[in-house]
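Me: I am new to this structure and would like a close look at a single part of it. Could you choose one helix, describe what surrounds it, and then place it in the chain?

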Amino acid sequence: LAQAILAQASSSICRHRPVFVGKMEAMKEQAKKTLEEQLGNAAPGSIKCCFPCCGGPVGTLEKMSFMIPADQKDMVMDMIKKYKDM
């Protein structure tokens with residue numbers, strides 16, 4: 001009886017795992033999208049035109065970090081690192 005209960009419990013856990021993983025992936029993608037929007041808003045206007053050819057806001061700001069104002073540079077670079085770590 002105990003083995004049957006254990007087998008049933010483990011199969012129900014495995015059955016719900018893909019749903020949980022899917023929700024986690026969706027949350028991760030939403031967080032990445034939010035970071036991209038924030039980085040796009042923080043980017044200097046003169047480099048926004050480079051987003052399409054340099055990999056979006058993240059890639060552009062990473063490649064052209066010399067264009068980021070000094071008072072925002074640490075914040076922007078931290079956001080890029082957080083984006084890359086996701």
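Reply: **Helix H3 and its surroundings**

Thr60 has its place in helix H3, which covers residues 56-63; helices here are DSSP runs of H or I with at least four residues, strands are runs of E with at least two, and both are numbered from the N terminus. The model is a predicted one, in which local features need pLDDT of at least 70 and side-chain atom pairs count only at pLDDT 80 or more, while totals for chains, interfaces and linings use all residues. Residues are numbered from 1 along each chain as its sequence is written, and side-chain values use heavy atoms, with hydrogens and water left out.

With a relative accessible area of 0%, Thr60 is buried, where buried means under 20% relative accessible area, exposed means over 50%, and partly exposed lies in between, using a 1.4 Å probe and protein chains only. Not counting residues up to four places away in sequence, Thr60 touches Ile47, Cys50, Phe51 and Cys54, a contact being heavy atoms within 4.5 Å. The rest of H3 can be read alongside Thr60: Gly56, Pro57, Val58, Gly59, Thr60 and Leu61 are buried, and because six of the eight residues of H3 are buried, the helix is largely enclosed by the rest of the structure.

One neighbour of H3 is helix H4, residues 70-85, against which H3 packs at an angle of about 125° with the axes 10 Å apart; the axes are lines fitted to C-alpha atoms over the stretch in contact, and angles run from 0 to 180 degrees between N-to-C directions. H3 and H4 are therefore oblique to each other, since angles under 35 degrees count as roughly parallel, over 145 as roughly antiparallel, 65 to 115 as roughly perpendicular and the rest as oblique. At this contact, Val58, Leu61 and Glu62 of H3 meet Val76, Ile80, Tyr83 and Lys84 of H4. Sorted by kind, the residues of that contact are five nonpolar, no polar and two charged; Ala, Val, Leu, Ile, Met, Phe, Trp, Tyr, Cys and Pro count as nonpolar, Asp, Glu, Lys and Arg as charged, and the others, Gly among them, as polar.

Met77 also lies in H4, and at 31% relative accessibility Met77 counts as partly exposed. Met77 and Glu62 are 15 residues apart in sequence, and their C-alpha atoms are 7.7 Å apart in space. Leaving aside neighbours within four places in sequence, Met77 is in contact with Ser65 and Ile68.

Cys50, one of the residues that Thr60 touches, is itself buried at 17% relative accessibility. The sulfur of Cys50 lies 4.1 Å from the closest cysteine sulfur, in Cys49, which is too far for a bond, a disulfide being a pair of cysteine sulfur atoms within 2.5 Å. Cys49, by contrast with Cys50, counts as exposed at 61% relative accessibility, and the structure holds zero disulfides.

Turning to the whole chain, the secondary structure comes to four helices and zero strands, and 28% of the 86 residues count as buried. H4 also has a partner elsewhere in the chain: Leu35, in helix H1 (residues 2-42), is buried at 7% relative accessible area, and its C-alpha atom is separated by 8.2 Å from that of Ile80, 45 residues away along the chain. Beyond its neighbours within four places in sequence, Leu35 is in contact with Met79, Lys82, Tyr83 and Met86.
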